[in-house]
Amino acid sequence: IMALWNAPRRLQGHQAAACRAALRMQAALVRLNARRTQEELLEVEFGMGINTDRVLVGNYGCLHRVGYTALGDGVNLASRLEASNKFFGTTVMVSESTAQGAAAEFQFRTLGRVVVPGKVEVVTVFELLFERVPDNPGCDPLVLFNWRWVRREVVLRMVDCYEKGIALFSEGYSQEALPWFQEAVSILSLDYPSSKLVECCRHVESGEMPRDGVLRMSK
């Protein structure tokens, strides 16, 4: 499924609108899976990729079949972000342009500097976590994280450790980054990116990965 915002009509805050839709899809799938479990059916999971870029938008096709869609490298990157969720074990991966555009309303974390499948350039990617809320004692303390409801402050403590680790890893300091990722796992064992980066740090130290702070994803 592909969706797009800010076309054909301009939409103020289109990055935030895309992020809000992604989080609502996650919540809807949790409810669906609860029903599937009651019916003794397997749970369903999916990944999403969001990118903000200038692309070609309009009606494309031929005389007998025309469809309204978007074309361009920005669309291709969104598709590759979706596929790259498998590497980190995440659900919603977004580009730097999307994270910057929606940072006031949503909590993100820096996943790292990566080369996505089919590309050669290095891009910084982020994970969409949850919608920010004003300081309010009555707000819901739980957020959806990796298909489970987790206390917001626990996720934030884990993210703080991860961000410190990924900053070091991205500069080539894998040995110094490792304790931060291990601490993140100890705070929230559900966090797959932290476990993945523990593995990557060890691969760098053993010489199996280059010490350039870039995560390269195979097809």
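This briefing covers a sheet, the helices on it, a hairpin and one buried glutamine. The model is predicted. At its centre is an open sheet of five strands with mixed pairing. Helices H1 and H6 both contact strands of that sheet.

**The sheet**
- The strand order is E1-E4-E6-E5-E9.
- Strands E1 (48-50) and E9 (214-216) form the edges, and each pairs on one side only.
- From one strand to the next, the twist averages 40°.
- Strand E5 (residues 106-115) pairs with strand E6 (residues 123-131) over eight bridges, in the antiparallel sense.
- Within this pair, Gly-112 sits opposite Val-125 in E6.

**Helices on the sheet**
- H1 lies across E1, strand E4 (92-95), E5 and E6.
- The direction of H1 runs at about 60° to E6.
- Helix H6 (residues 192-206) packs on the sheet and touches E5, E6 and E9.
- The direction of H6 makes about 30° with that of E5.

**Gln-26**
- Gln-26 belongs to helix H1 (residues 14-38).
- Its relative accessibility is 5%, so Gln-26 counts as buried; the cut-off for buried is under 20%.
- Leaving out residues up to four places away in sequence, Gln-26 touches Phe-46, Met-48, Thr-91, Val-92, Leu-144 and Trp-147.

**The E7-E8 hairpin**
- Strand E7 (residues 142-145) and strand E8 (residues 148-151) run antiparallel, joined by four bridges.
- Leu-142 faces Arg-151 of E8 across the pair.
- Two residues lie between the strands of this hairpin.
- Asn-146 takes a positive phi near 50° there.

Key:
Residues numbered from 1 in each chain as written. Predicted model: local features only at pLDDT ≥ 70, side-chain atom pairs only at ≥ 80, totals over all residues. Heavy atoms only, no water. Pairing = 2+ DSSP bridges. Buried < 20%, exposed > 50% of the residue type's maximum accessible area, 1.4 Å probe, protein only. Contact = heavy atoms within 4.5 Å. Axes fitted to C-alpha atoms, helices over the stretch in contact; angles between N-to-C directions.
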